[in-house]
Amino acid sequence: MADFDVVGLGEPLIEFNQTRAGDPQYLQGFGGDTSNAVIAAARQGARCAYLTRVGDDAFGAQLLQLLRSEHVDTSGVRVDAEAHTGVYFVQHGPDGHVFSYLRRDSAASRMQPSDLDGGPLERARYLHVSGISMAISASACDTVFAAMERMRAAGGQVSLDSNLRLRLWPVARARAVLREALAQADLFLPSLDDMRHLTGHEDPQRTLDWIRAAGAPGVVVLKLGKEGALVDDGQARTMVPGLTVRAVDATGAGDCFAGNLLARRCAGEGWLDSVRYANAAAALSTTGYGAVGPLPDADAVGAFIAAQVGGLAGGAVSG
């Protein structure tokens with residue numbers, strides 16, 4: 001039996017989130033797509049670990065303390081004395097949230113495949129990685145592919161979130177790298193917004209056709225924002241509709257979705273029920289500010305689902 005349910009690989013970040021549009025007041029929190037997902041899974045009771053580098057600075061120490069306080073194993077986290085921990089800012093306006101990053105040459109961008117040695121990778125059921133994990137540097141990209149290869153060799157499964165950030169790499173490289181990665185993923189979690197840039201398609205069905213033609217061998221869950229998610233298990237395509245909530249900040253909602261989905265799968269739940277649960281959790285996460293603070297625990301998600309007309313009807317997600 002595996003020691004861990006989910007091990008994530010990527011870049012944890014310090015977050016400064018604007019709590020009111022136009023107001024220069026920021027709430028300090030934490031972020032980073034795969035670390036958000038791992039914490040979301042841990043809050044659902046999954047056994048989790050994380051692989052990364054952080055700087056030998058106050059922010060790096062805060063992130064290590066966060067992971068440990070969330071019961072996430074940090075034996076695979078390296079402290080890099082020669083680099084800083086990444087930071088980002090979130091501003092809110094009429095067109096949604098805008099991100100600004102201070103991450104160039106960050107500790108996480110200096111990850112190497114050798115960082116995987118002696119860590120928890122081969123002792124987990126799922127490895128969770130993302131487009132951001134591969135985009136922050138060439139060595140980080142190499143590390144992700146090495147981790148995927150080692151995970152599959154050990155009999156585990158790979159979860160990949162597209163999380164396309166065109167500020168980090170040109171679309172042609174992103175398309176090539178993600179095509180190679182999705183062909184090795186047991187679970188692919190793209191958003192329709194991301195796939196528009198990669199495929200040129202607006203239609204979810206045509207987007208799924210492109211993903212299958214690109215070689216995706218496993219389950220694909222296409223996130224459709226507030227509309228919900230479209231599940232393609234290789235046999236059928238099923239729509240899981242969204243729920244309306246009083247959303248204030250969608251930062252990290254897609255990561256919440258991923259973590260909850262993986263947690264429910266590790267708990268033995270079927271694909272559609274896992275997606276419905278993840279949708280509900282992601283909807284809840286948009287009702288508070290920040291990527292990590294609003295991530296719900298199992299009690300909160302259960303109460304939210306119970307309060308909905310028709311029971312497990314789904315939930316809003318954000319790519």
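Is Cys-266 buried or exposed in this structure? The model is a predicted one, in which local features need pLDDT of at least 70, side-chain atom pairs count only at pLDDT 80 or more, and totals for chains, interfaces and linings use all residues. Residues are numbered from 1 along each chain as its sequence is written, and side-chain values use heavy atoms, with hydrogens and water left out.

With a relative accessible area of 13%, Cys-266 is buried (under 20% relative accessible area, with exposed over 50% and partly exposed in between; 1.4 Å probe, protein chains only). Cys-141 also counts as buried, at 5% relative accessibility. The count of disulfides (pairs of cysteine sulfur atoms within 2.5 Å) comes to zero. For Cys-266, which is in no disulfide, the nearest cysteine sulfur belongs to Cys-48 and is 8.0 Å away.

Cys-48 appears again in the largest nonpolar core (buried Ala, Val, Leu, Ile, Met, Phe, Trp, Tyr and Cys residues joined through side-chain atoms within 4.5 Å). This core has 50 residues, and Cys-48 is listed with Val-72, Leu-187, Val-221, Phe-257, Leu-261 and Val-275 as having the most contacts inside it. Helix H9 (residues 271-285) gives the most to this core, nine residues; helices are DSSP runs of H or I, at least four residues, and strands are runs of E, at least two, numbered from the N terminus. Another core, of 47 residues, lies apart from it and includes Leu-178, Ala-185, Leu-208 and Leu-230.

Turning to the lining of the largest cavity, strand E4 (residues 48-55) supplies the largest share, three residues.
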